[in-house]
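User: Can you walk me through this structure? I'd like to start with one helix and then jump around.

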Amino acid sequence: MFSIRTAFFAGAIALALGSPVIASDFGRPATPDEIALWDIDVRPDGKGLPPGSGTVVQGKQVFAENCAACHGDGGVGGIKDRLAGGQGTLASGLPVKTVGSYWPYATTLFDYIHRAMPYQAPGSLSNDDTYAVAAYILSLNGILPPDGKLDRDSLPKVSMPNRDGFVPDPEFDPAKLFRKR
């Protein structure tokens with residue numbers, strides 16, 4: 001026996017399948033401008049980095065205004081993740097995972113800041129401010145000098161202390177994830 005709920009859902013499905021308005025507006029190809037708005041990922045080799053540049057000095061000011069409330073002055077002591085220090089602790093009983101001790105690529109730092117920070121307004125920093133904050137955080141970790149500058153050419157060349165610390169699992173085969181069983 002059909003309930004009112006079953007009849008309602010059956011009618012809604014029939015209407016949706018037969019509606020030319022729904023069929024014509026659903027699944028249209030994205031325009032190049034729409035794709036560009038979402039195509040902001042940055043790879044370890046630097047592909048995807050936008051134009052712009054920033055210095056450690058500029059980054060210190062941007063960090064103070066946008067990041068220190070959560071991460072603490074100098075990237076230490078805040079309510080969120082510690083960003084500086086920890087070098088040489090990963091093999092110890094108390095590893096301290098920070099940008100300077102754990103992260104393998106400086107480009108990942110830019111990508112994360114650009115897309116997800118600051119916490120209260122993700123993605124609101126300009127490209128220049130993002131380069132500057134990344135430069136400041138790398139400087140806090142002794143990876144970039146205090147007068148350092150980053151841009152799309154120099155950032156991928158930054159050698160992170162733990163760059164060789166990630167070893168792929170020899171048993172992991174991504175192709176197996178997509179095989180039909």
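Analyst: Here is a short tour of the helix, the core, the cysteines and the rings. One caution first: this is a predicted model.

User: How many residues are in helix α7, and how far does it reach?
Analyst: Helix α7 covers residues 127-140, which is 14 residues. From first C-alpha to last it reaches 20 Å, close to the 20 Å expected at 1.5 Å a residue.

User: Is α7 mostly covered or mostly open?
Analyst: Mostly covered: 10 of its 14 residues are buried. They are T130, Y131, A132, V133, A134, A135, Y136, I137, L138 and S139.

User: What covers the buried residues of α7?
Analyst: The cover includes two strands and two helices: β1 (53-55), β2 (149-151), α4 (56-66) and α6 (106-116).

User: And what does G142 do just after α7?
Analyst: G142 takes a positive phi, about 75 degrees.

User: Switching to the core. Which residues in the largest nonpolar core touch the most other members?
Analyst: That core has 28 residues, and the ones with the most contacts to other members are F63, I113, V133, I137, L138, L150 and L155. The elements giving two or more residues to it are α4, α6 and α7. α7 gives the most, with seven residues.

User: Is there a general reason to expect such a core?
Analyst: Yes, in soluble globular proteins nonpolar side chains tend to be buried together.

User: What does F63 touch?
Analyst: Leaving out residues up to four places away in sequence, F63 touches A68, H71, G72, G74, G75 and L83. F63 also touches V133, Y136 and I137.

User: Now D111. Where is it found, and is it buried or exposed?
Analyst: D111 is found in helix α6. It is buried, with a relative accessible area of 8%. The cut-off for buried is under 20%, so D111 qualifies.

User: Which residues does D111 touch?
Analyst: I40, D41 and V42, again not counting residues up to four places away in sequence.

User: New topic. How many disulfides are there?
Analyst: Zero, after a search of the whole structure.

User: Why is C67 not bonded to C70?
Analyst: Because the sulfur of C67 is 8.4 Å from the sulfur of C70, too far for a bond. The cut-off is 2.5 Å. C70 is the closest cysteine to C67 by sulfur distance, and C67 is the closest to C70.

User: Is C67 buried or exposed?
Analyst: C67 counts as buried, at 10% relative accessibility.

User: On to the rings. How many aromatic pairs does the structure hold?
Analyst: Four. One of them joins W103 and Y112. Their ring centres are 6.4 Å apart and their planes sit at 80 degrees, so the pair is edge-to-face.

User: How accessible are W103 and Y112?
Analyst: W103 is partly exposed, at 24% relative accessible area. Y112 is also partly exposed, at 43%.

User: What is the geometry of the pair formed by F110 and Y131?
Analyst: That pair is tilted, with 4.5 Å centre to centre and 40 degrees between the planes. It links distant parts of the chain: F110 is in helix α6 and Y131 in helix α7, 21 residues apart. Both F110 and Y131 are buried.

User: Last one. Which residue lies over the face of Y119?
Analyst: K80 does, at 5.3 Å from the ring centre.

Methods
Residues are numbered from 1 along each chain as its sequence is written. This is a predicted model: local features need pLDDT of at least 70, side-chain atom pairs count only at pLDDT 80 or more; totals for chains, interfaces and linings use all residues. Side-chain values use heavy atoms; hydrogens and water are left out. Helices (H or I, at least four residues) and strands (E, at least two) are DSSP runs, numbered from the N terminus. The expected span of a helix is 1.5 Å times one less than its number of residues. Buried means under 20% relative accessible area, exposed over 50%, partly exposed in between (1.4 Å probe, protein chains only). Contact means heavy atoms within 4.5 Å. A nonpolar core is a set of buried Ala, Val, Leu, Ile, Met, Phe, Trp, Tyr and Cys residues joined through side-chain atoms within 4.5 Å. Rings of Phe, Tyr and Trp (its six-membered ring) pair if their centres lie within 6.5 Å; planes under 30 degrees apart count as stacked, over 60 as edge-to-face and the rest as tilted. A charge sits over a ring if NZ of Lys or CZ of Arg is within 6 Å of the ring centre and within 35 degrees of the ring normal.
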